[in-house]
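Here's a quick tour for the bench. Have the structure open while you read and click along as the residues come up.

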Amino acid sequence: MLKVEHIGIAVKDLENSNDLFKKLFGKSHYKIESVDSEHVNTSFFKVGRTKIELLEATNENSAISKFIEKRGEGIHHIAFEVKDIHKEMKRLEKEGFRLINEKPKKGADNKLVCFLHPKSSNGVLIELCQEMK
Ligand code: ZN
């Protein structure tokens, strides 16, 4: 794994949270993106070499609305950049980690992504991501 690419934070209201995090970081988000397959709206902030991704559910089927229902707003996942996502998925599966999706899928911010089940990683939802060219 190369670095922490971003940290995902589940929020109830993206607009309110964009204002809040703008105050925190002293600058605005640089993009807003909807990921229909995940039923989320996202916004991204650059903070030094890493990013913060805010995630708002667009409906009740979203993993984000279930997460907030159970645990409230807060840190949802940590995303690590990898060079070759297929290779890394194979490696981690061999090491006993549970992959949530069998194949990488298209995520926000022009990335191929795969999630590891938090049950196999000490309660932390981990995202692997690889830049798409
Ligand atoms: Zn993410």
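What follows covers the metal site, the strands around it, the main pocket and a pair of unusual turns.

Keep in mind that this is a predicted model. It holds a zinc ion with four protein donors, His6, Glu53, His77 and Glu127. Two of those, histidine 6 and histidine 77, lie in strands E1 and E5, which pair antiparallel.

**The zinc site**

- The zinc ion is held through NE2 of His6, OE of Glu53, NE2 of His77 and OE of Glu127, with these donors lying 2.1 to 2.2 Å from it.
- Going along the chain, the donors are spaced as H-x46-E-x23-H-x49-E.
- Histidine 6 belongs to strand E1 (residues 3-11) and histidine 77 to strand E5 (residues 74-81), so this pair ties together parts that are 71 residues apart in sequence.
- What geometry does the site have? With 4 donor atoms and angles of 83 to 171° among them, the site is irregular. To count as tetrahedral, four donors would need all angles between 85 and 135 degrees.
- Are the two histidines buried or exposed? Histidine 6 is buried, at a relative accessible area of 3%, and histidine 77 is buried too, with a value of 3%.

**Strands that pair up**

- E1 and E5 run antiparallel and are joined by 7 bridges. If you want a spot to look at, valine 4 sits opposite phenylalanine 80 in E5.
- Glycine 8 is another E1 residue to click on. Its C-alpha is 6.1 Å from that of isoleucine 78, although the two are 70 residues apart in sequence.
- Glycine 8 is buried, with a relative accessible area of 0%.
- E5 also pairs with strand E8 (residues 126-131), this time in parallel, through 4 bridges. Here glutamate 81 has cysteine 129 in E8 as its bridge partner.
- Elsewhere, strand E2 (residues 31-35) runs antiparallel to strand E3 (residues 40-47), with 5 bridges between them. Isoleucine 32 faces serine 43 of E3 in this pairing.

**The largest pocket**

- How much space lies in the largest pocket? About 740 Å³.
- Its lining takes in 34 residues, and those nearest the centre are Ala63, Ile64, His76, Phe115 and Leu125.
- Elements giving two or more residues to that lining are E1, E3, strand E4 (50-57), helix H2 (63-71), E5, strand E6 (105-107) and strand E7 (111-116).
- Which element gives the largest share? That's H2, with 6 residues.
- By residue type, the lining divides into 16 nonpolar, 7 polar and 11 charged.

**Two turns with a positive phi**

- Some background first: most residues other than glycine have a negative phi.
- Histidine 39 goes the other way, with a positive phi of about 55° even though it is not a glycine. You'll find histidine 39 in the turn of the hairpin formed by E2 and E3, which has 4 residues between the strands.
- Histidine 39 is partly exposed, with a relative accessible area of 26%.
- Asparagine 110 also isn't a glycine and has a positive phi, of about 60°. Look for asparagine 110 in the loop between E6 and E7.
- Asparagine 110 is partly exposed as well, at a relative accessible area of 37%.

Methods: Residues are numbered from 1 along each chain as its sequence is written. This is a predicted model: local features need pLDDT of at least 70, side-chain atom pairs count only at pLDDT 80 or more; totals for chains, interfaces and linings use all residues. Side-chain values use heavy atoms; hydrogens and water are left out. Two strands pair if DSSP finds at least two bridges between them. Donors are N, O and S atoms within 2.8 Å of the metal (3.2 Å for Na, K and Ca); water is not among the atoms, so sites may look incomplete. Four donors count as tetrahedral if all angles lie between 85 and 135 degrees; four count as square planar and six as octahedral if opposite donors are over 155 degrees apart and all others between 65 and 115; anything else is irregular. Buried means under 20% relative accessible area, exposed over 50%, partly exposed in between (1.4 Å probe, protein chains only). On a 1 Å grid over the protein atoms alone, a cavity is a set of points where a 1.4 Å probe fits but cannot get out, and a pocket is an open set with protein on both sides within 12 Å along at least five of seven lines; lining residues have an atom within 4 Å of a point. Grid points are joined across faces, edges and corners, and a volume is the space filled by probe spheres set on the points. Ala, Val, Leu, Ile, Met, Phe, Trp, Tyr, Cys and Pro count as nonpolar, Asp, Glu, Lys and Arg as charged, and the others, Gly among them, as polar.
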